[in-house]
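Trainee: I am new to this structure and should like to go through it step by step. May we begin once it is displayed?

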Amino acid sequence: MNQQRMETLDADPSIITVQQHILAEQRKHSPGASGAFSWLLSGITLATKMTQAQVRRAGLLDVTGAAGQINVQGEAQQKLDIFADQALIHCLGFRQNVAVIASEENEQAIMFDGRSGQGKYVVVFDPLDGSSNIDVNVSVGTTFSILAMPEDLPADADPAAAVLQPGIKQLAAGYVVYGSSTILVYTTGHGVHGFTLDPSVGAYVLSHENIRMPEAGKYYSSNDGYWDSYPQVYCDFISDLRRGAYGRPYPQRYIGSLVADFHRTLLTGGIFLYPPTESNPQGKLRLLYEANPVAFIAEQAGGVASDGTRRIMEIEPEQIHQRTPFIVGGKTEMAAFDQAMAKQ
Ligand code: P6P
């Protein structure tokens, strides 16, 4: 009798998905964890996969261009903004352990029905950052931050009270860049790890373990179109970078999409600056769901993030959509920036 040769499919041990990684991280750092957190994060990764499928076909579907509505920021909502926002709300709604969410696209924080006193987590996000770049096929992204639901919150409290926490309270944070590939970068406070979406299996696969931001980098990243409205100290600092006052001249790179500009800074080092301007005297970027998650990742990778004078993650938020000046980069550039600010 022919011996039936058992086909043994050797699972490729080199493939580590983001779910496997999170569970391994939890076993390592929180042995008693119930897996609730990894279940939550799977809701975010699922939503971003749904979004990336639309982003990848933007030119073929009626999903580019404005949706004819204006969001809370007073910005024309792009159709993909709305899709990405709905995908995250839908997927997180199925995670019973999420009590409250807040989104760039929605004026108010949302308490899921019946979750008061139930859900453990708060998730704040920008569902599609940089969406004005969609029509011209420039990288866009999703940013998110995960907080603990305050235990002492009265059942009838405004959900915003659960959201208004400083960045140092983040349990986890991350972003997805829908670029030449789709990359998820996250931290739970134990280093920074990157996962590339493998379309052939539909999973985020570990591609950048323990990312470290270079102490000194190559580029500075700032929209110099606002040069005339920057505070002088920023002009002086950027001029010094350009002319090589800090070792060698820094060329400029700027995409106009935070997640893309930061992802480059994270991997190659350097400094990203969005200073106060005349049109945005408090800065343009939002503290809760743009600056804080990016700052958490930057610090976990060995970088620094400030609003020009304060550590971003120590700022006590007062409004969900409050803006902040945002400067983030490697230790060398950020030390030089701090010195320049101290001299003014
Ligand atoms: P500006 C995109 O609209 C965004 O919110 C960030 O992603 C990006 O860093 C910034 O605004 C770009 O702003 O004024 O340079 O176009």
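Trainee: How many bridges pair strand 6 with strand 7?

Mentor: In this predicted model, strand 6 spans residues 140-148 and strand 7 spans residues 172-178. One of their bridges links Ser 145 to its partner Ala 173 in strand 7. The two strands run in the antiparallel sense, and the number of bridges is seven.

Trainee: Which strands are the edge strands of the eight-stranded open sheet?

Mentor: The sheet has mixed pairing and follows the order 4-3-5-6-7-8-9-10. An edge strand here pairs on one side only. This applies to strand 4 (110-111) and strand 10 (203-208).

Trainee: At about what angle does helix 3 run to strand 5?

Mentor: Helix 3, residues 79-93, packs on this sheet and touches strand 3, strand 4, strand 5 and strand 6. Its direction is compared with that of strand 5 (121-129). The angle is about 160 degrees.

Trainee: And at about what angle does helix 7 run to strand 7?

Mentor: Helix 7 comprises residues 287-300. The strands that helix 7 lies across include strand 3, strand 8 (182-187) and strand 9 (192-198), as well as strand 7. With strand 7, the angle is about 100 degrees.

Trainee: Turning to the four-stranded open sheet, why is one side of strand 11 and of strand 14 left without a neighbour?

Mentor: The order of this mixed sheet is 11-12-16-14. Strand 11 (220-221) and strand 14 (304-306) therefore lack a neighbour on one side, because each stands at an edge with a single partner strand.

Trainee: What is the bridge partner of Leu 273 in strand 16?

Mentor: Strand 12 (residues 271-274) and strand 16 (residues 326-329) run antiparallel and are joined by four bridges. Helix 8, residues 331-343, lies across both of these strands and strand 14. Within strand 16, the partner of Leu 273 is Ile 327.

Trainee: Which residues come nearest to the ligand?

Mentor: The shell around the ligand holds five nonpolar, four polar and four charged residues. Of these 13 residues, the nearest are Asp 129, Tyr 226, Tyr 254, Leu 258 and Tyr 274.

Trainee: How much of the ligand's accessible area does the protein cover?

Mentor: Side-chain N or O atoms approach ligand oxygen atoms at 2.6 Å for Tyr 274 and at 3.0 Å for Lys 284. On its own, the ligand has 400 Å² of accessible area. The share covered by the protein is 86%.

Notes: Residues are numbered from 1 along each chain as its sequence is written. This is a predicted model: local features need pLDDT of at least 70, side-chain atom pairs count only at pLDDT 80 or more; totals for chains, interfaces and linings use all residues. Side-chain values use heavy atoms; hydrogens and water are left out. A residue is near a molecule or strand if one of its heavy atoms lies within 4 Å of it. A polar contact is a pair of N or O atoms within 3.5 Å; within protein, one must be able to donate a hydrogen and the other to accept it, and residues adjacent in sequence count only if both atoms are side-chain atoms. Accessible areas come from the Shrake-Rupley method with a 1.4 Å probe; for residues, only the protein chains shown count as cover. Ala, Val, Leu, Ile, Met, Phe, Trp, Tyr, Cys and Pro count as nonpolar, Asp, Glu, Lys and Arg as charged, and the others, Gly among them, as polar. Two strands pair if DSSP finds at least two bridges between them. Contact means heavy atoms within 4.5 Å. Axes are lines fitted to C-alpha atoms, for helices over the stretch in contact, and angles run from 0 to 180 degrees between N-to-C directions.
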